[in-house]
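Here is a short guided walk through one model, written for someone who likes to follow along in a viewer. Please keep the structure open while you read.

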Amino acid sequence: MRSLPLPALLTGSLLALGLLPAVGGDGPRQDRFRQLDELLPTPNAQRNAAGAPGHGYWQQEVDYEIDVALDEGERRLTGRERITYRNNSPDTLTYLWLQLEANQLAPQSHGALLELAPELDSMSYSELDSLLERLEFDGSHTLFAVEDAEGQPLPHVVNDTMMRVDLAEPLPPGGETVLQVGWTYLINNARKIRARTGYEPFDEGGDIFELAHWFPRLCAYTDYAGWQNKQFLGRGEFTLEFGDYRVRITVPDDHVVASTGVLQNADAVLEPAWRDRLEEAWDAEEPTFIITPEEAQENLSSAPEGTRTWEFHAEQVRDFAWASSRRFAWDALGHEVEGAGKVWAMSYYPPEGEPMWSRFSTHAVAHTLDVYSKHAVPYPYPVAISVNGPVGGMEYPMICFNGPRPEKDGTWSAGTKHGLIGVIIHEVGHNWFPMIINSDERQWTWMDEGLNTFVQFLAEQSFSPEYPSRRGVPENIVSYMTSAEQVPIMTNSESILQFGANAYAKPATALNILRETVMGRELFDFAFREYCRRWAFKRPEPADLLRTLEDASAVDLDWFWRGWFYSTDHVDLAIQGVTRYTIDTRDPEVEKARQREEREERGDALTTVRHREGEKRSDRFPALLDFYNSYDPLAVTPKDLRDREKLLEERDRELLELGLSLYVVELEDLGGVPMPVILRVRTVDGTEQLLRLPPQVWQQGDRVISKLLAIEGEVESLQLDPLRETADADETNNHWPRRIGEERLRLQEGWRGRGGRSNPMREARDEAKRAAGEESEGSDD
């Protein structure tokens, strides 16, 4: 399409120009572009209208000093902690709420009682074993001390996974209090009871312990909800306060411990050779073994002689987790992260993880540090660790647990490889969401899982060519968005249906569409980084994200949040019709010739043809035939030519000779989520042009609009969303002319007669022959 005196593509809607009547869908018109003011909380001193922390923003601080011991034989954990709580709120507190998440593993916990019946008609032996273990195992806390700073008992009440501790004196704003808690509990066998924590047993010994939510922790007290003390039911994760940790972990003396924080007593717990290798690894180009798989295997042949205490310190973290085993190999890399400096990237794994883990794990950790530091905020911690053990994928500050392993013969499938890389990127990425950008996981799963899955997608796409990401590509979310059993993204964690699709995949895809199609990379990347910068080490709510992305981009996105986050509608734009208008040249020789061609091409109706050959009265009386029997209204007359010359001025003649075609394209939004109109126009000469119309075009017609295309030449085809950018649910209605549907018929071998392929008579005959010692003819065995 070349330049024309008129725009090649007129972007004004005929509805807007008043050239066509507005047409709506069934029922009353809905304003899908109205602002979200009625849904979002009113801005205040804590959270302003721009989506940033306000001048009155506050949050609490909690420091922990913990001594904990692992009894490997009993699979029991025993600990004692000293908690320092600083009240930065404007409120006076008379009690504190603590989380006891291990109580969720009691048979009578709310989480256990809410579990629905499994599919018993197809249960395996291991599933039945796990079911019985869950009914019998009690992994809840036994508390042996709840005291003040001087060791005096404090009144307390345990309600399932929550404990209220009544303070001896009210804690005023700006005040500080200390309490001490002692506890013990049994650790769950993670092969039988799936959880975010547990141990993995091995036949020859050398269990792997991964310990999470293992100590009583303060609930968050917030400006938007007061105490966040919703019970831990197993799905909605954790809402926590930032603080500093000093943790001393006592384990068998042949164990290696991986942990949140920085090891303080390396000389006391690390072999000299390991310390030397750490110095080499700090400046190495590739991950370096600190403990080789062979050394880890050899360590399994000996028994511990006593215990050893590992001490770790961590600053400004919201949680603390660790892993311990004599089975661990260990590799490390000192990795330079832009904006953050040098950071330890490390992996711990048993010999069963080789050779896959040493090849991919620490590289995936380092890559995650690079990508997330670029798209969010620079990594603020000194170390990032990936641990292989019984937990398939779980995240904590500076450490995460990841499950995939190769086959016993040392090979792996493509799915296992990408599963390992993907889960490591995802779990290390959780250091940003929610460990740094500290959202309320108990309330909003999507705020950490969805945002993290989005940046995970970016990291995967830059890890290796054609990386097969499961989540983030728009067309991959279509089946979920068109399914019946779903709820909006803006749903509490415990009420979500299709959990992974709702809280991980859909928000990640939505953000990717914002970046690639709605906002563009430059605007989106700046706004997303601004959100992360504003809320690093603070606690954002959904409105803070939505407002910040608009505030930092000057793009009105309320329509997008309403469609993608507050509804279960889907995307399905369709071309419902196309009408071509060609300019009448007012030249009778041209126009009447065209009309004659159309008449001849159309032909006569069947009944006209048959009656034409019949006998006519005028055959007998020729006088009945006059001028009009031979008159052709499409014949050019001298008068036609004179009239044309009188009619046209010079400029009018130029316009009529442009050869311009006007196409009115009728578009309909069948899915309910308005999206930009992306239309590829191909003309018969092979020229293509991509037209992008902003989503606000749907404001003018609700569900049905008409667009005008002014083109020199003839359109061959039109296609909506040709690059599959918008998660359009039905590609068949994106084409004009409509395409013939294509399906494949797969023929099955054999005859599917009554009863299928089963033949009980033959099976009974074969069994009789076997019993008689005969070889059965035609047996499938």
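## A covered strand

Strand β28, residues 704-712, is mostly covered in this predicted model, with eight of its nine residues buried. β28 has a partner in strand β25, residues 660-669. The two run antiparallel and are joined by nine bridges. If you would like a pair to click on, take Val665, whose bridge partner in β28 is Lys707.

## A covered helix

Helix α13, which spans residues 542-551, is mostly covered too: nine of its 10 residues are buried. The buried set consists of Pro542, Ala543, Asp544, Leu545, Leu546, Arg547, Thr548, Leu549 and Glu550.

What do the buried residues of α13 pack against? Their neighbours are α9, α11 (499-518), α12 (521-535) and α14 (558-564).

## Two helices crossing

One of those neighbours, α9, also packs with helix α7. Two packed helices are described by the angle between their axes and the distance between the axes. For α7 (residues 356-375) and α9 (residues 446-461), the angle is about 115 degrees and the axes lie 10 Å apart. The crossing of α7 past α9 is right-handed.

On the α7 side, the contact is made by His367, Val371, Tyr372 and His375. They meet Asn452, Val455, Gln456, Leu458 and Ala459 of α9. Sorted by class, this contact has five nonpolar residues, four polar ones and no charged ones.

## The loop after α14

Another neighbour of α13 is α14, and the loop between α14 and β24 (573-582) is where you will find His570. Leaving aside residues up to four places away in sequence, His570 touches Met481, Thr482, Gly671, Gly672, Val673 and Ala729.

How far apart are His570 and Glu589 in space? They are 52 Å apart, C-alpha to C-alpha, with a sequence separation of 19 residues.

## A four-stranded open sheet

Strands of a sheet pair through backbone hydrogen bonds, either parallel or antiparallel. Here, an open sheet of four strands follows the order β8-β9-β18-β14, and its pairing is antiparallel. At the edges sit β8 (198-200) and β14 (256-259), each pairing on one side only. From one strand to the next, the twist averages 15 degrees.

To look at one pairing in detail, start from β8 and strand β9 (residues 208-211), which are antiparallel and joined by three bridges. Glu200 has Ile208 in β9 as its bridge partner.

## A hairpin with a positive phi

Strands β5 (residues 156-159) and β6 (residues 162-171) pair in the antiparallel sense over four bridges. Asn159 stands opposite Met162 in β6. This hairpin has two residues between its strands, and Asp160 takes a positive phi near 55 degrees there. That torsion is an easy one to look up in your viewer.

## Cysteines

How many disulfides does the structure hold? The count is zero. A disulfide is a covalent bond between the sulfur atoms of two cysteines. Cys400 is in no disulfide, and the nearest cysteine sulfur, which belongs to Cys532, is 19 Å away.

Is Cys400 buried or exposed? Buried means under 20% relative accessible area, so Cys400 counts as buried because its relative accessibility is 1%. Cys219 is likewise counted as buried, because its relative accessibility is 0%.

Terms used. Residues are numbered from 1 along each chain as its sequence is written. This is a predicted model: local features need pLDDT of at least 70, side-chain atom pairs count only at pLDDT 80 or more; totals for chains, interfaces and linings use all residues. Side-chain values use heavy atoms; hydrogens and water are left out. Axes are lines fitted to C-alpha atoms, for helices over the stretch in contact, and angles run from 0 to 180 degrees between N-to-C directions. A crossing is left-handed if the near helix is turned anticlockwise from the far one by less than a right angle, and right-handed if clockwise. Contact means heavy atoms within 4.5 Å. Ala, Val, Leu, Ile, Met, Phe, Trp, Tyr, Cys and Pro count as nonpolar, Asp, Glu, Lys and Arg as charged, and the others, Gly among them, as polar. Two strands pair if DSSP finds at least two bridges between them. A disulfide is a pair of cysteine sulfur atoms within 2.5 Å. Buried means under 20% relative accessible area, exposed over 50%, partly exposed in between (1.4 Å probe, protein chains only).
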